[in-house]
Amino acid sequence: MSKDDGESSADINITVKFSGRSIPISIPKDSTIKQLKSHLQPLTNVLPRGQKLIFKGKLLVDAMTLKESEVMNGAKLMLMASQGLHQGGGPILKEAQTRPISRGKETEYKRPDARTEIVMEKDRLQRWKTTGVIALADCNLKAIPNEVWDCGSSARVLDVNNNSIQDVPNKISCLNSIQKLFLDGNGISDEAIRWEGLASLKYLTVLSFTRNQLMNLPSALGSLTSLRQLHVANNKLTSLPNEIGMLTRLEVLKANNNRITTVPECIGECSSLIEVDLSANLLSELPDTLGNLHNLKALHLSNNGLKSLPCTLFKHCLQLATLDLHNTEITMDVLRQGGKNLMNAGAQSIRSSWILELLALLNSMKALIKTNSFSYITCSLLQETRKEKFADIDSVYALNSSKP
């Protein structure tokens, strides 16, 4: 073996800093970063895909070797772990592992004491403050830990999904810079939420309460004027509050799988809405103000008792690309007849208008309809239809009546 070969395969000693620990490692210098991560897995409990290795301020790339990354003998690296990408009991933290205590010829192993737990909590709190992300999903929590409130204005995201939290206290108002709040899958009831505190979160853009036991949304919801996404699916809601119209920046509303019987007319004031999901509710009609949602691209209405749609929906929502009417009583004939009635009621100005597009679209889709209900009106079909040029209304009627 040549001298060069011997040097290329020689081991180097490096130190990896992780969660308050210094982990010494001896590894061939021609190893890849990916191999180093595999070596670190049993020492940290962090899966390789959840590891981020940083050296001299640069994120190391898996495919590169240590030598190519300029990691030499004696180098010090920093390991950061992604939340949730760990095995066993979670990442091995400072002093969390059992510590050997020698007593003569015997060795005992002592579990971490209360002081170790305090160190771990302090490390966690500092990490939350540094990153702004409080990630506590799937932690078997019955309450939001008190140290969360110590984060104050440092917090940007609070994720306590899939726990058993039964109280959202007024203290949440101290997280006055929070932007995203996830409370899914906790079985939360109306009484468990102190909306006075929640309504004070002026920078909140995402609020998610899916898979809980909510029966009402209070008027205080209207105070969250920065909200862009509201997720309240899979609850027991019977209505949406009129104050929802105050959420003029709202882009996504997901309220499917509830017991909603009516949609308030003020929904038309949510002018930024792009996607609305009201499927699997108890709706029998929709307000005409739905047509005010000029930015609407997707509307999901499946599994409702709807028999018709507001004419304003097709007339003004020209960006609508996805319309889900599966398992409703709205058939192609209903929509076609509605279009004809409007054409008869309208004046000469309807040439090349939405009615022409709707009728052409219905005929384009006829081959795809095998039941008495629609599934989807898709973007591609709609765009193709809008490219069609008709000389006058009679040509559309001729197209419409030429097929059974």
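1. Contact means heavy atoms within 4.5 Å. On that basis, 46% of the contacts in the protein with a separation of 6 or more are between residues 24 or more positions apart.

2. This is a predicted model: local features need pLDDT of at least 70, side-chain atom pairs count only at pLDDT 80 or more, and totals for chains, interfaces and linings use all residues. Residues are numbered from 1 along each chain as its sequence is written, and side-chain values use heavy atoms, with hydrogens and water left out.

3. The protein has ten helices and 17 strands (DSSP runs numbered from the N terminus: helices H or I, at least four residues; strands E, at least two). Of its 404 residues, 43% count as buried (under 20% relative accessible area, 1.4 Å probe, protein chains only).

4. The largest nonpolar core (buried Ala, Val, Leu, Ile, Met, Phe, Trp, Tyr and Cys residues joined through side-chain atoms within 4.5 Å) has 66 residues. L198, L207 and F209 touch the most other members. The elements giving two or more residues to this core are α3 (114-131), α4 (146-149), α5 (195-198) and α6 (311-316).

5. Leaving aside neighbours within four places in sequence, L198 is in contact with eight residues named here: V168, I172, L181, I193, L204, L207, F209 and L224. Another core, of 19 residues, lies apart; F18, L36, L53 and A75 are among them.

6. An open sheet of five strands runs β2-β1-β5-β3-β4, with mixed pairing (two strands pair if DSSP finds at least two bridges between them). Its edge strands are β2 (21-28) and β4 (58-59). Strands β3 (residues 51-55) and β5 (residues 76-81) run antiparallel, joined by four bridges. L53 has L79 as its bridge partner in β5.

Methods
Buried means under 20% relative accessible area, exposed over 50%, partly exposed in between (1.4 Å probe, protein chains only).
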